[in-house]
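Trainee: I would like to learn how to read a structure. Can we go through one together?

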Amino acid sequence: MLGKRSPGIGVEQLLDKSLTGAFLMQTYGAEKRIRLDVPAEHAQKNVRSFFLRNGRLLDPSTLGEHAQLAAMIGEHADDLNPTVMLVRFGESGGKTEVTVRAFAKEGMQKQHSAERAVGLLEDFLTGADGVLDAILKEFDL
């Protein structure tokens with residue numbers, strides 16, 4: 001995990017606009033590399049699906065950080081501060097490495113939103129969130 005507190009200026013501006021009094025809070029980040037046994041195109045579709053389901057897509061070029069996909073999630077969640085997520089993909093031999101960076105503002109009582117957001121994405125991509133199991137059970141597969 002990354003303890004970075006100085007993401008790109010575009011990320012900071014988005015986070016400052018997303019929370020009342022955000023300028024009084026510190027930005028904390030998390031980073032993780034997730035290895036998947038699927039092609040990069042498939043991984044990109046899954047990440048985009050996760051972002052559309054949990055937040056809104058952002059234009060990565062405006063954030064001052066290098067990313068292929070970006071989103072803000074948690075804006076309307078009670079248990080997660082608004083979190084900017086940046087994702088890059090690398091493919092080798094039919095396997096994909098997804099690099100995820102997340103940034104969230106945290107106050108005195110830290111919710112560890114960036115770390116939790118990365119965990120939610122990892123669970124979604126690896127099937128550990130139970131969604132795939134529920135679909136298979138529904139169709140008796």
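**Salt bridges first**

Mentor: The structure holds nine salt bridges. Keep in mind that this is a predicted model.

Trainee: Which side chain does Lys32 meet in a salt bridge?

Mentor: Glu122. The distance is 2.9 Å, N to O. Now place both ends. Lys32 is in strand S1, residues 26–36, and Glu122 is in helix H3, residues 113–126. The pair therefore ties together parts that are 90 residues apart in sequence.

Trainee: Is Lys32 buried or exposed?

Mentor: In between. Lys32 has a relative accessible area of 28%, so the label is partly exposed. Buried would need a value under 20%.

Trainee: Which side chain forms a salt bridge with Arg33?

Mentor: Glu97, at 3.9 Å, N to O. The cut-off for a salt bridge is 4 Å. This pair also links distant parts of the chain: Arg33 sits in strand S1 and Glu97 in strand S5 (residues 95–106), 64 residues apart. Glu97 is partly exposed, at 25% relative accessibility.

Trainee: What does Arg116 pair with?

Mentor: With Asp79, at 3.5 Å, N to O. Arg116 belongs to helix H3, while Asp79 lies in the loop between strand S3 (69–73) and strand S4 (83–92), so the bridge ties together parts 37 residues apart in sequence. Both ends are partly exposed: Arg116 has a relative accessible area of 31%, and Asp79 has 48%.

Trainee: Which residues do shared partners join into one network?

Mentor: Glu12, Asp16 and Lys105.

**The overall layout**

Trainee: How many helices and strands does the protein have?

Mentor: Four helices and five strands. Read their order from the N terminus: α-β-α-β-β-β-β-α-α.

Trainee: How do I judge the links between distant parts?

Mentor: Look at contacts with a separation of 6 or more. In this protein, residues 24 or more positions apart account for 58% of them. Then check burial: 40% of the 141 residues count as buried. The protein exposes about 8100 Å², with carbon and sulfur atoms supplying 50% of that area.

**The cores**

Trainee: Which residues touch the most other members of the largest nonpolar core?

Mentor: Phe51, Met85, Val87 and Val98, out of 24 residues in that core. Next, ask which elements contribute. S1, helix H2 (40–54), S3, S4, S5 and H3 each supply at least two residues. H3 gives the most, with six.

Trainee: What does Val87 touch?

Mentor: Leave out residues up to four places away in sequence. Val87 then touches several residues, including Val47, Phe51, Val98 and Leu121. There is also a second, separate core of 11 residues, and Leu14, Leu58, Ala67 and Leu86 are among them.

**Helix H3 up close**

Trainee: How do I read a single helix?

Mentor: Start with its span. H3 has 14 residues and reaches 20 Å from first C-alpha to last, close to the 20 Å expected at 1.5 Å a residue. Then list what is buried: Ser113, Ala114, Ala117, Val118, Leu121, Phe124 and Leu125.

Trainee: Why do the buried residues of H3 line one face of the helix?

Mentor: Look down the axis. The buried residues of H3 fall within an arc of 135 degrees, so they line one face. They pack against S1, H2, S3, S4 and S5.

Trainee: What follows H3?

Mentor: Gly127, with a positive phi near 85 degrees.

Note on methods. Residues numbered from 1 in each chain as written. Predicted model: local features only at pLDDT ≥ 70, side-chain atom pairs only at ≥ 80, totals over all residues. Heavy atoms only, no water. Buried < 20%, exposed > 50% of the residue type's maximum accessible area, 1.4 Å probe, protein only. Contact = heavy atoms within 4.5 Å. Areas by Shrake-Rupley, 256 points an atom, 1.4 Å probe, with all protein chains shown as cover. Core = buried A, V, L, I, M, F, W, Y, C linked by side-chain atoms within 4.5 Å. Expected span 1.5 Å × (residues − 1). Arc of directions from axis to C-beta.
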